[in-house]
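Please open the structure in your viewer and keep the selection tool at hand. The tour below proceeds one selection at a time.

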Amino acid sequence: MKLADLLAMKTRGEKIAVLTCYDASFATLCENAGVDVLLVGDSLGMTLQGAKDTLGVTLAEMAYHTRMVVAGAKQCYIVADLPYGSDATPERALASARALVDAGAHMVKLEGNKADAVRLLVENGIPVCAHLGFTPQSVHELGGYKVQGRDAAGARKIFDDAVALEQAGAAMLVLEMIPATLAARISHEIGMITIGIGAGPSCNGQVLVLHDMLGIYPGKSPRFARNFMAGADSIQTAIANYVRAVKSGAFPTAAHSF
């Protein structure tokens with residue numbers, strides 16, 4: 001899978017199935033089940049390390065888990081998160097992104113409107129996925145896990161940030177916990193591939209945290225998640241069911257949206 005393939009899927013209206021992944025075994029399972037994109041997320045701080053947020057994850061840990069995912073998946077497109085603080089300046093973002101690309105990532109993801117960093121990365125040949133709406137690395141600034149863009153001013157800022165990030169060269173955009181109508185507008189009016197998580201059904205693709213999708217994360221399940229292990233006879237079947245639901249438009253529904 002290449003970025004050009006994902007852009008072609010957007011053009012055709014074919015939904016893109018994305019899951020977080022942190023190791024070789026699950027990477028192989030996901031690839032065999034038809035997942036298009038694997039996100040090596042800093043969510044590993046919560047799902048694997050048991051932390052209350054993602055802020056303590058280090059760049060070295062992200063590179064380590066990226067190498068493991070790359071070892072297990074030969075066809076999936078692999079995106080890796082720049083962890084908290086590793087993109088504090090454009091120059092630091094470039095050095096951090098290079099570490100993740102050296103570990104095998106095809107693209108790096110950063111949170112917020114860091115257009116200058118995006119521009120520098122793209123100028124140096126590193127594809128970028130942006131992330132707007134609820135951004136977990138800003139959880140304390142945002143006052144907790146809250147839906148973003150509900151009012152006119154908030155929605156306008158998210159839309160304007162999306163335009164700025166596209167102009168800076170970002171090719172993909174994760175939209176997290178925003179109203180479905182706002183996500184639909186962004187998906188229809190910008191050229192970036194949009195990947196939703198709690199952003200309604202109109203995004204070009206969907207992502208869930210693997211552990212939420214399998215119903216094995218001990219914390220509170222978010223509204224936008226669905227346990228695909230329910231009724232499945234194996235993890236492989238659950239992942240395949242997730243892919244099928246995303247591709248067919250059966251997931252997410254209004255119940256998973258804001």
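Which residues does Glu166 touch, not counting residues up to four places away in sequence? Select Glu166 and display its surroundings: it touches Ile190, Gly191 and Met192. Please bear in mind throughout that this is a predicted model.

**First stop: Glu166**

Keep Glu166 selected and colour the helix that holds it, which is H7. Is Glu166 buried, partly exposed or exposed? Its relative accessibility is 28%, and buried means under 20% while exposed means over 50%; Glu166 therefore counts as partly exposed. Now add Arg119 to the selection. Glu166 and Arg119 stand 47 residues apart in sequence, and their C-alpha atoms are 9.6 Å apart in space.

**Second stop: the whole chain**

Clear the selection and show the chain as a cartoon. How many helices and strands does the chain have? Its secondary structure comes to 10 helices and 8 strands. The radius of gyration of the chain is 16 Å, close to the 18 Å that the globule rule gives for 258 residues, so the chain is as compact as a globular protein of that length. Rotate the view to follow the C-alpha trace, which spans about 45 × 40 × 40 Å along its principal axes.

Next, switch to a surface display. The chain exposes about 10,500 Å², and carbon and sulfur atoms supply 54% of that area. Of the 258 residues in the chain, 56% are buried. Consider the contacts in the chain with a separation of 6 or more: residues 24 or more positions apart account for 62% of them.

**Third stop: the largest pocket**

Select Tyr145, Glu176, Val209, Asp212 and Phe224. Among the 29 residues that line the largest pocket, these lie nearest its centre. How much space lies in the largest pocket? The volume is about 640 Å³. Colour helix H3 (44-47) and strand E6 (172-176), since each appears in this part of the tour: each supplies at least two residues of the lining of the largest pocket. Colouring the lining by class gives 14 nonpolar, 7 polar and 8 charged residues.

**Fourth stop: the second largest pocket**

Move to the second largest pocket, which holds about 220 Å³ of space. Its lining has 13 residues, and those closest to its centre are Leu132, Gly133, Thr135, Lys157 and Asp161. Strand E5 (128-133) and helix H7 (152-168) are the elements that give two or more residues to this lining. The largest share, 4 residues, comes from H7, the helix in which Glu166 has its place. By class, the lining of the second largest pocket divides into 3 nonpolar, 8 polar and 2 charged residues.

**Fifth stop: the largest cavity**

The tour now turns to enclosed spaces. Rolling a probe the size of a water molecule over the atoms shows where empty space is left. How many cavities of 30 Å³ or more are there? The count is 2.

Select Val18, Val37, Leu39, Val79, Lys109, Cys129, Met172, Val174, Ile195 and Val207, which line the largest cavity. The volume of this cavity is about 50 Å³. Strand E2 (37-40) and strand E6 each supply at least two residues of its lining. The classes present in the lining of the largest cavity are 9 nonpolar and 1 charged, with no polar residues.

**Sixth stop: the second largest cavity**

The second largest cavity has a volume of about 40 Å³. To display its lining, select Gly196, Ile197, Gly198, Ala199, Gly200, Gln206, Val207, Leu208, Phe224, Phe251, Pro252 and His256. Strands E7 (193-197) and E8 (205-208) are the elements that give two or more residues to this lining, and E8 provides the largest share, 3 residues. The lining of the second largest cavity contains 7 nonpolar and 5 polar residues, and no charged ones.

**Last stop: Gln206**

From that lining, keep Gln206 selected. Gln206 lies in strand E8. Is Gln206 buried or exposed? Its relative accessible area is 4%, so Gln206 is buried. Finally, display the contacts of Gln206, leaving aside its neighbours within four places in sequence: among them are Ile16, Ala17, Val18, Ile195, Tyr242, Val246 and Phe251.

How values were computed
Residues are numbered from 1 along each chain as its sequence is written. This is a predicted model: local features need pLDDT of at least 70, side-chain atom pairs count only at pLDDT 80 or more; totals for chains, interfaces and linings use all residues. Side-chain values use heavy atoms; hydrogens and water are left out. On a 1 Å grid over the protein atoms alone, a cavity is a set of points where a 1.4 Å probe fits but cannot get out, and a pocket is an open set with protein on both sides within 12 Å along at least five of seven lines; lining residues have an atom within 4 Å of a point. Grid points are joined across faces, edges and corners, and a volume is the space filled by probe spheres set on the points. Ala, Val, Leu, Ile, Met, Phe, Trp, Tyr, Cys and Pro count as nonpolar, Asp, Glu, Lys and Arg as charged, and the others, Gly among them, as polar. The radius of gyration is taken over C-alpha atoms; the globule rule is 2.2 Å times the number of residues to the power 0.38. Buried means under 20% relative accessible area, exposed over 50%, partly exposed in between (1.4 Å probe, protein chains only). Contact means heavy atoms within 4.5 Å. Accessible areas come from the Shrake-Rupley method with a 1.4 Å probe; for residues, only the protein chains shown count as cover.
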